[in-house]
Amino acid sequence: MTEPYFFDPLQLWRDAVSKLEKSTNERANAQLKAPGVARSLQDAATVSFGLQQAYAKLIENYLRQANLPSRKQIQDLAETLQRIEDKLDGLLPVAEGLQPSRTRRPPAAVAAAATATAEKTAARHSGGKARRTRGAGARKE
Amino acid sequence: MAATTGFSWPESPLTERLRQEVERSVQRAFKGLELAGAPPPQVGRSPKTTLYRRGTLELVHYRAQMDEVYRIPLLIVMAPTNKGYILDLAPGQSFVEFLLQHGFDVYMVDWNAPTMMERDLQLEDYVLDFIPECIRRVQQHSGEADVNVVGYCAGGMLSVLYQALHADSPVRHLVCLTTPIDFSKMDLFRVMSDEGTFDVDGFVERYGVIPASVISAGFEALRPATKMAGQIKLWDNLWNDQFVKGFRRMERWGDETLPLPGGYFRQTVKRLLRENALFKGTLQLGGERIDLKKIRIPLLHMVAQYDHIVPAGASAPLIRQVGSQDKEEVVLPGGHVSIAAGANAVKRAWPKLGRWLEGRSV
């Protein structure tokens, strides 16, 4: 059943957001392929990373003056601790529960095998019945 | 007043819609406040044990959920740029959980942020050391000589490189998810890494380990408006708990993009993106040329039709180039991540992958 039409400004707004997202992405992708734009972006990124590095250097100098560890020193310490933890992990026995048996068959194969078994059983039963019938007939004869 | 006079406004779709919108606005206000103080969403909750960890490399084993599992263990190789929990987001939304519930014995090569000591790691380290080491450990842990491998994105590429160099490896079947081969089709990444505008050697020299912010900025540049639009959609759907949970998990995954070792990044830019060496057959690792024809094991490649990170054209040559007789490419509607997580994956990708693997895991 289709919903009755009525003017829904919020739905229009949602559709507009999706369309704007799509068209902005497409336009940006097309522009990024132009070598001039790519170069400008790379230049902007280089300047941005350069500024970040200069700022990081400034902070590092300040922390050294204040006799405080920098983020990098703490990271190095964390990495050292991680390496020690790795080595400890290597020494610990892996504790896991009982391993399941590795005998699982695909459902299709299980179903096919079950059908085959059922058919065999049915054939055996019908064969047995037939033999019994024949035997009874022979005795009657 | 209305009750005393017996008058009530007629229930038109418009009034119903307005009432719904007012309710949602109230909920948005309350839930927005809740969200501001909420802890990060839980992810990667399938029970697991870390079997091996060496720097950036981590091998985990997920605890079996069935009494009987398939004989051949399954090793998932994740892309080094992202955490593996995208494949184990939440109960009911987890590829790993799906595999466990379908009787597979699941292992995963996951990655941690590389340290400065690992700045020089290269493709050779991943293909000739990390993956073989993990396969050996899976064999040892499972007691089985054979292993099946599923590689996602760059994890698929590393698995393909490994298999091309180890024709007699214990890997019996290979599944690749959105695996790039022809990098000339990855237009935007190529533009961003163009020799004329990007000094990769200087960049690697300066940083050593490429910051995660650079990697995620590269991904975001492919769809620059999507992050902002995502925030607007989040606000619009704040009343919807399920939407918010799903959004926050994916957002967390995106925010936890991993840094990359400079050596690996340099090779990716120079050899893969600029020279397209894997597609052209000129890529050499450990002194040996990568020839995809040497891959002869059965292979399934699942490609996303609207993948903006690895476009279908970039991944399509895999099936053509491998030497396997038993090979199949499945193109599914959706994007790069929809192969691994989300409604599309639950409905289409995982069942297809499960059916392909189950007969090949005994």
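**Exercise 1. Determine how much area is buried between chain A and chain B in this predicted model, and what share of that area carbon and sulfur atoms give.**

Solution. The size of an interface is often expressed as the accessible area that is lost when the parts come together. Applied to chain A and chain B, this gives a buried area of about 4100 Å², and carbon and sulfur atoms give 55% of it. The next step is to ask who takes part: 38 residues of chain A and 55 residues of chain B enter the contact.

**Exercise 2. Describe the polar side of the interface between chain A and chain B, and then state which helices of chain A supply its side of the contact.**

Solution. Begin with the charges, since side chains of opposite charge can pair when their charged atoms come close. The rule finds 5 salt bridges across the interface of chain A and chain B. A salt bridge between chains joins the side chains of A:Glu21 and B:Lys233, with an N to O distance of 2.9 Å, which lies within the 4 Å cut-off. Counting polar contacts between chain A and chain B, with both residues at pLDDT 80 or more, gives 16 residue pairs. On the side of chain A that touches chain B, helices H1 (9-32), H2 (35-65) and H3 (71-91) of chain A each supply at least two residues, and H1(A) gives the most, with 11 residues. Sorted by class, that side of chain A has 14 nonpolar, 10 polar and 14 charged residues.

**Exercise 3. Characterise the second largest pocket by its volume, and name the residues closest to its centre.**

Solution. The volume of the second largest pocket is about 1600 Å³. Its lining consists of 43 residues, and those closest to the centre are A:Arg71, A:Lys72, A:Gln75, A:Glu79 and B:Met116. To place the lining in the fold, note that H2 and H3 of chain A, along with strand E1 (48-54), helix H4 (123-142) and helix H7 (200-207) of chain B, each supply at least two of its residues. The classes in this lining are 17 nonpolar, 10 polar and 16 charged residues.

**Exercise 4. Find how many cavities of 30 Å³ or more the whole structure holds, and describe the lining of the largest cavity.**

Solution. The search of the whole structure returns 1 cavity of 30 Å³ or more, and the largest cavity has a volume of about 40 Å³. Among the residues that line the largest cavity are B:Val77, B:Ile131, B:Ser159, B:Tyr162 and B:Leu174. H4, helix H5 (154-165) and strand E6 (171-177) of chain B each contribute at least two residues to this lining, with H5(B) giving the most, 3 residues. By class, the lining of the largest cavity divides into 7 nonpolar, 2 polar and no charged residues.

**Exercise 5. Give the number of salt bridges over all chains, and locate the partners of the pair B:Asp236 and B:Arg28.**

Solution. Over all chains, the structure holds 29 salt bridges. In one of them the side chains of B:Asp236 and B:Arg28 meet at 3.1 Å, N to O. This pair links distant parts of the chain, for B:Asp236 belongs to helix H9 (residues 226-236) and B:Arg28 to helix H2 (residues 13-36) of chain B, 208 residues apart.

Conventions. Residues are numbered from 1 along each chain as its sequence is written. Chains are lettered from A and ligands numbered from 1 in the order in which they are written. This is a predicted model: local features need pLDDT of at least 70, side-chain atom pairs count only at pLDDT 80 or more; totals for chains, interfaces and linings use all residues. Side-chain values use heavy atoms; hydrogens and water are left out. Contact means heavy atoms within 4.5 Å. Buried area is the accessible area (1.4 Å probe) that two parts lose on being put together, summed over both. A polar contact is a pair of N or O atoms within 3.5 Å; within protein, one must be able to donate a hydrogen and the other to accept it, and residues adjacent in sequence count only if both atoms are side-chain atoms. Helices (H or I, at least four residues) and strands (E, at least two) are DSSP runs, numbered from the N terminus. Ala, Val, Leu, Ile, Met, Phe, Trp, Tyr, Cys and Pro count as nonpolar, Asp, Glu, Lys and Arg as charged, and the others, Gly among them, as polar. On a 1 Å grid over the protein atoms alone, a cavity is a set of points where a 1.4 Å probe fits but cannot get out, and a pocket is an open set with protein on both sides within 12 Å along at least five of seven lines; lining residues have an atom within 4 Å of a point. Grid points are joined across faces, edges and corners, and a volume is the space filled by probe spheres set on the points.
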